[in-house]
Amino acid sequence: MSKCRWLAIPSVLALSIASGCGGGGDESESHTAPAASDAGSGAGFGTASITGKVTFDGAAPEAKSIRMNADPVCSLKHPDGREDYDYVVGADGGLKWTFVYVKEGVAGSYEPSGEVVLDQKGCTFEPHVFGIMAGQDLKILNSDETLHNVHALSNESRQFNLAMPRMGMELKQKFRNPEVMVRIKCDVHPWMECWAGVLSHPFHSVTSEDGSFKIDRLPAGTYTIEAWHENGGTQTQTVTVGDGESQEITFSFKSSV
Ligand SMILES: [Cu+2]
C-alpha cells in the first residue's frame, strides 16, 4: 500500500486516491479509448448459445423510494427519490438485474479483452449488475458534480476503496480472481451499491427489462448455468448444447422480502 496517497475529506474517514492503490496493484488511473466489448478473446469460442428469461413469480413487491436528500447534488437529480432495485419487475413479469452465467463446464482458457465501464451517475451506479473477467479492466467514471467513492468488498481479490471527488474523473481497477458476486458500494451515499460477477471466462449475461438473457459463442458442451439475483438468491440448471444450437431455459424467482 506504499503507493497509496491519502486524501482527508470531511464525512469520509480516509479514502485513497487512485494511484495504483488497491485492486490488482498495477492499475493506473490513466485510461484508453473506450471499448464497448467486455467479451474475452482467444481460442475456444464456439457457435452454441443459451438464451432465456428470468421471471418473478407472483405480484412484484412495491418498490420503495430512495431519498437522496443527504446530498443536494443527488436530490437535485432525483427530487422525488428513485425506486429501489430490490426487485425490478417488468410488465410481463421479467426480472431485471439477474446475473446469468456459466458456473461449470467451461473447459478452455480465456483472456479478457476490452474493458467494462462502471459509471456513477445521478448518484447511482450504472449498471447495477455487471459481469467482468478476472484481470479485465474496469473503467470507473464519476459523472456527478459531487464526491463519490468506490468501495469494492471483494473476498477473493484485493479490496479497493477509492475517492472520486471530481466530475469527469476516471480510474481503472481489476479483480484478480473469480468471485460471484462482488458488492461495490459508495461510502458517501449509503443507497449506492452495485454487483460485479467476476469470472475466469466471458460467458455471462445480465437480464434486461424483460428478464431476457443471452450467452453466446459457447463451444458445444454441457454447462451448469446459474442465475443470481441479489434478493432472490441463486438457481442452477444443466444444459447441453451442440455446435450451432441454441437452447432456451427459464428461471423464476420468488420474493424473499
Ligand atoms: Cu456516492
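## A three-stranded sheet

Here three strands (DSSP E runs of at least two residues, numbered from the N terminus) make up an open sheet, ordered β17-β3-β20 with mixed pairing; two strands pair if DSSP finds at least two bridges between them. At the edges sit β17 (212-218) and β20 (246-253), each pairing on one side only. Direction ignored, neighbouring strands of this sheet are turned by 20° against each other on average, using axes that are lines fitted to C-alpha atoms, with angles that run from 0 to 180 degrees between N-to-C directions.

Strand β3 (residues 48-56) and β17 run antiparallel and are joined by five bridges. Across from Lys214 in β17 you'll find Thr51.

## What you're looking at

This is a predicted model, where local features need pLDDT of at least 70 and side-chain atom pairs count only at pLDDT 80 or more, while totals for chains, interfaces and linings use all residues. Residues are numbered from 1 along each chain as its sequence is written, and side-chain values use heavy atoms, leaving out hydrogens and water.

The protein chain has 20 strands and one helix (helices are DSSP H or I runs of at least four residues). Of its 257 residues, 48% count as buried, meaning under 20% relative accessible area with a 1.4 Å probe, protein chains only.

## The copper site

The copper ion gets its protein donors (N, O and S atoms within 2.8 Å of the metal) from His148 (ND1), Cys186 (SG), His189 (ND1) and Met192 (SD), at 2.1 to 2.7 Å. Along the chain, these donors are spaced H-x37-C-x2-H-x2-M. His148 belongs to strand β11 (residues 148-152) and His189 to the loop between β14 (179-185) and β15 (193-199), so the two tie together parts 41 residues apart in sequence. Both His148 and His189 are buried.

Angles among the four donor atoms go from 91 to 136°, and the site is irregular; to count as tetrahedral, four donors need all angles between 85 and 135 degrees.

## Two nonpolar cores

A nonpolar core is a set of buried Ala, Val, Leu, Ile, Met, Phe, Trp, Tyr and Cys residues joined through side-chain atoms within 4.5 Å. The largest has 28 residues, and Phe125, Phe130 and Ile184 are among those touching the most other members. Strands β7 (115-121), β9 (129-133) and β14 are among those that each supply at least two residues of this core.

Beyond its neighbours within four places in sequence, Ile184 is in contact (heavy atoms within 4.5 Å) with residues including Phe175, Ala196 and the copper donor Met192. A second, separate core of 22 residues includes Leu95, Met133, Ile215 and Phe253.

Notes
Donors are N, O and S atoms within 2.8 Å of the metal (3.2 Å for Na, K and Ca); water is not among the atoms, so sites may look incomplete. Four donors count as tetrahedral if all angles lie between 85 and 135 degrees; four count as square planar and six as octahedral if opposite donors are over 155 degrees apart and all others between 65 and 115; anything else is irregular. Buried means under 20% relative accessible area, exposed over 50%, partly exposed in between (1.4 Å probe, protein chains only).
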